[in-house]
Amino acid sequence: MSGPKLNLRVRSIEPLSPLLKRFELEMADGGEVPPFGPGAHLRFNLQGDHQRWKNAYSLVTPPTERRRYAVIVRRVEHSRGGSAFMHETVKPGQILEASVPANLFPVSQIARKHLLISGGIGITPFLSYLAAFKSKAAGYELHHFCRAKEAEIFGHLLRDHESSRIHIHAGTEFNLSSVLSSQPLGTHLYTCGPEGLMDLVLDTARTHGWPASKLHSESFGSAHMGGAPFIAILKRSGAEIAVREDQTLLEAIEEAGFEPTNLCRGGACGECLTRVLEGEPEHRDHYLDEGERASNCSIMICVSRAKTNRIVLDL
Amino acid sequence: MLVSGIVSRPKYEPFALDPSGRSHLIVADHPAPPGDFGPTPASNAPIEIWCVCTNPRTTAEASQNGRAVSRSFRSTAHLLDQLDKRLARELVGLRIYAVGIESFVWDVARLARKFGMEKGEYRLTHKGSERRRVYCIHCRAYTEDVTTNIVSCSGCGASLLVRDHYSRRLAAFMGVQVDAEVPGDVPAIEEAFP
Amino acid sequence: MTLAFKPAETFRKDFTYRNSEAGILRFPFPFAEDTYMYSVNIEPHLPGGPSPAYDHAFDVDEHYVAECKERAIVLAEDPNRCKVLPHMTEAQWDTLELIMESFAKDYPEHFSLQKNGTRWSWENRPLGLKDSFTFGDLSSLPYEPFEYITRQAQGDFTLQDQRDNNLFVDGGMVTTQADWSLEFDIGMTFHEWHGPVPLAHQLGVFDRALKFLLRLQYGQPVRRLNWTMTINPRLDTSPENYPVWGPDRNTVTPENVAQKVHLRVELQTLFRLPRSNAILFGIRCYLASVAELARVEKWRKRLHRVLRDLPPELEDYKGLTRYRKLVVDYLAPFDDGAPLSRGPQPDQTIL
């Protein structure tokens with residue numbers, strides 16, 4: 001699915017730490033940026049000299065801000081190159097192409113309170129949440145986990161919000177169970193950050209009787225890392241595509257000139273579901289259920305790879 | 001208009017405690033709610049039973065009843081009023097189980113939703129009469145305890161056909177004037193919801 | 001083409017509503033084939049297609065002023081026809097922005113929108129309205145934002161909140177509906193709301209449509225058509241007023257069938273709203289009498305075939321039982337049985 005595109009000019013780049021940079025962007029034509037809601041992201045089409053990347057970054061500006069967008073990019077050590085490109089190649093004044101904002105991590109409109117738990121760069125979607133809560137006077141509580149040396153940076157990012165509701169945990173003792181067992185009825189829980197943190201938060205919440213409808217999570221980064229190379233064969237065209245270790249199956253298919261339907265590029269939305277005709281997928285998505293995974297008939301090509309040397313897809 | 005087999009007609013679940021709940025509140029519109037809690041839920045999850053016992057000497061005082069704490073109420077209105085106050089200070093992890101006639105269980109569901117509870121946090125079990133609460137789509141009056149397929153509206157007096165279309169928000173079935181196209185053309189009235 | 005509005009048209013009592021010849025030719029005729037059955041007939045809502053009615057996000061036609069007046073009459077009688085649950089405020093502003101921006105861009109001769117940060121000025125020349133307000137400030141408009149803007153648009157609108165992998169109809173402006181009640185249905189899930197529709201549930205139509213809509217993206221609206229029939233050009237065929245319009249169904253005779261019976265087409269559009277993540281559902285009603293449609297050769301033949309072969313469950317659900325045969329008998333002499341081109345387009349440019 002290819003929606004409307006935006007041409008965004010990089011207005012400024014602010015280094016927040018050796019690994020974090022904040023990019024401010026405005027419409028290249030000088031107009032207003034399209035509106036978005038808390039939790040929305042932009043998907044950039046980054047064009048390097050020999051490679052292109054499609055990286056999604058959460059918008060961190062208040063949703064009411066229409067003059068510009070901002071995103072924060074962490075330079076990922078074993079990155080596929082997109083974040084390194086953002087950090088090293090992109091300069092102020094440069095035009096970047098992005099899709100209009102999409103939202104796979106919206107806030108609940110019926111929640112009576114919002115409980116946010118983030119780790120590291122997973123704070124980014126919550127920056128737009130907090131701005132929205134502030135203007136609506138909604139009840140919330142934020143717990144953020146980070147390394148001790150980054151506590152000051154995150155404290156700075158959160159400086160505009162009520163300190164009594166914001167808790168930064170940098171290696172200090174924290175009782176997750178007591179937080180999750182003492183929330184008023186109607187509280188919704190959102191978590192974003194490393195897989196390990198999110199799994200712990202969601203598992204603990206379930207233990208304390210939280211229903212699925214009140215649990216929300218968004219994963220960034222680790223799920224779509226590379227792996228062993230393999231060959232993908234697109235049955236309909238007969239194309240034979242070598243998937244390198246540093247790219248996703250979807251990226252390899254796109255590099256070969258195909259445009260399969262896709263949206264979140266994070267294994268969540270279900271848009272890129274593809275039938276597997278031969279070979280065995282290595283599932284890395286959050287979309288297929290256990291039965292679908294075991295059947296090996298379907299694959300989410302944005303994040304999953306192949307266990308076999310060769311996989312044949314109905315594309 | 002006279003279509004049957006409508007899927008908005010609620011389906012109900014048999015009573016059983018949800019093992020994922022951290023505390024359980026069973027509310028019933030009759031004096032003898034279910035005592036069999038099924039497979040024992042997490043051992044320390046408290047269980048409370050509220051029921052209606054139409055007796056003017058009843059107070060809402062709590063008593064221990066095996067594993068559960070019991071309270072009796074003088075009327076469903078009494079119970080629902082207390083439930084409203086109770087839910088205002090409850091925590092995530094609570095499960096509510098409403099057992100009774102349709103209008104009662106949906107009144108409970110409405111209160112639960114008011115406090116942000118969603119599907120999965122409340123469970124409804126239909127027990128007792130099939131009689132319906134009917135909402136007149138023309139004058140907005142409710143007619144209670146309807147047992148026939150066609151009923152005279154308590155508000156405007158029109159002959160209402162009781163459709164299977166159900167509003168969980170209003171906790172009522174839709175009543176539509178049956179002789180709207182041909183005035184006076186009212187089919188035979190039959191017992192439909194004993 | 002400049003629009004000539006017909007502000008004096010009525011949709012009740014003397015029913016003076018008529019389509020101009022251009023209006024007939026742009027009618028969004030719903031039948032692409034000679035038979036009809038439910039399907040997930042959803043397509044991207046992009047400009048273009050077999051009728052100019054699809055050219056803009058929200059179509060404004062010659063009936064605009066008269067339809068807005070009709071809506072005001074219904075609301076004066078029954079204010080509950082517009083209702084939005086309290087958690088949908090963000091979606092209300094989204095709707096106001098989407099409709100205002102679309103109108104101002106697509107019909108600059110009739111509408112204009114000036115923005116200075118959150119200070120907005122809106123002018124609606126056909127209705128003679130001019131208002132300045134603060135975007136986001138409920139107290140700065142004469143109505144809540146959703147009601148304010150949908151009083152100035154043709155067709156019904158509902159707001160769907162997305163949660164728990166479902167869509168809930170949590171608001172709406174519903175005055176031109178084909179026999180469903182917002183007051184009764186508000187708060188329902190997608191499947192409950194469509195509860196009374198026969199056959200489609202068994203076909204899995206709603207399961208598939210819901211899955212699709214849950215993933216609807218901002219900036220990529222979709223559309224589909226639905227249809228029924230109505231006696232007289234009456235927009236308000238609500239359950240609330242069934243005793244008012246129900247008797248009309250007995251007034252059809254072989255002599256008046258072509259003038260009385262109208263094909264009622266709903267152009268349904270769905271937009272993901274950016275701030276609230278809600279979905280705006282536009283249900284735009286178009287009416288054309290059998291006589292008007294019969295002026296198009298392809299349409300009179302195709303309408304005859306579709307109605308002749310309609311499954312009985314649909315005949316009942318759409319309320320056609322009392323007069324379908326009269327329409328079929330009227331159209332039969334015009335149908336020579338010759339094959340018709342695929343698609344709904346009229347295949348002629350003048351009448």
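Start in chain C by selecting Trp120(C) and Phe133(C): Trp120(C) stands opposite Phe133(C), which lies in β5(C). Keep in mind throughout that this is a predicted model.

Next, select residues 119-124 of chain C, which make up strand β4. Strand β4(C) is joined to β5(C) by 6 bridges, and the two run antiparallel.

Now widen the selection to the whole sheet. It is an open sheet of 3 strands in chain C, in the order β3-β4-β5, with antiparallel pairing. Colour 111-116 and 129-134 of chain C: these are β3 and β5, the edge strands, and each of them pairs on one side only. On average, neighbouring strands of this sheet are turned by 10° against each other, if direction is ignored.

Add residues 89-106 of chain C to see what packs on the sheet: this is helix α3, which touches β3 and β4 of chain C. The direction of helix α3 makes about 120° with that of β3(C).

Then leave the sheet and show chain B beside chain C. Here 24 residues of chain C are in contact with 21 residues of chain B. Which elements of chain C give two or more residues to the side that touches chain B? Select 182-185, 190-193, 242-245 and 312-317 of chain C, which are α5, α6, α8 and α12. Colouring this side of chain C by class gives 10 nonpolar, 8 polar and 6 charged residues.

Last, show chain A with chain C. This contact takes 21 residues from chain A and 15 residues from chain C. On the side of chain A that touches chain C, 13 residues are nonpolar, 7 are polar and 1 is charged.

Key:
Residues numbered from 1 in each chain as written. Chains lettered and ligands numbered in written order. Predicted model: local features only at pLDDT ≥ 70, side-chain atom pairs only at ≥ 80, totals over all residues. Pairing = 2+ DSSP bridges. Helix = DSSP H or I, 4+ residues; strand = E, 2+ residues; numbered from the N terminus. Axes fitted to C-alpha atoms, helices over the stretch in contact; angles between N-to-C directions. Contact = placed C-beta atoms within 7 Å. Nonpolar A, V, L, I, M, F, W, Y, C, P; charged D, E, K, R; others polar.
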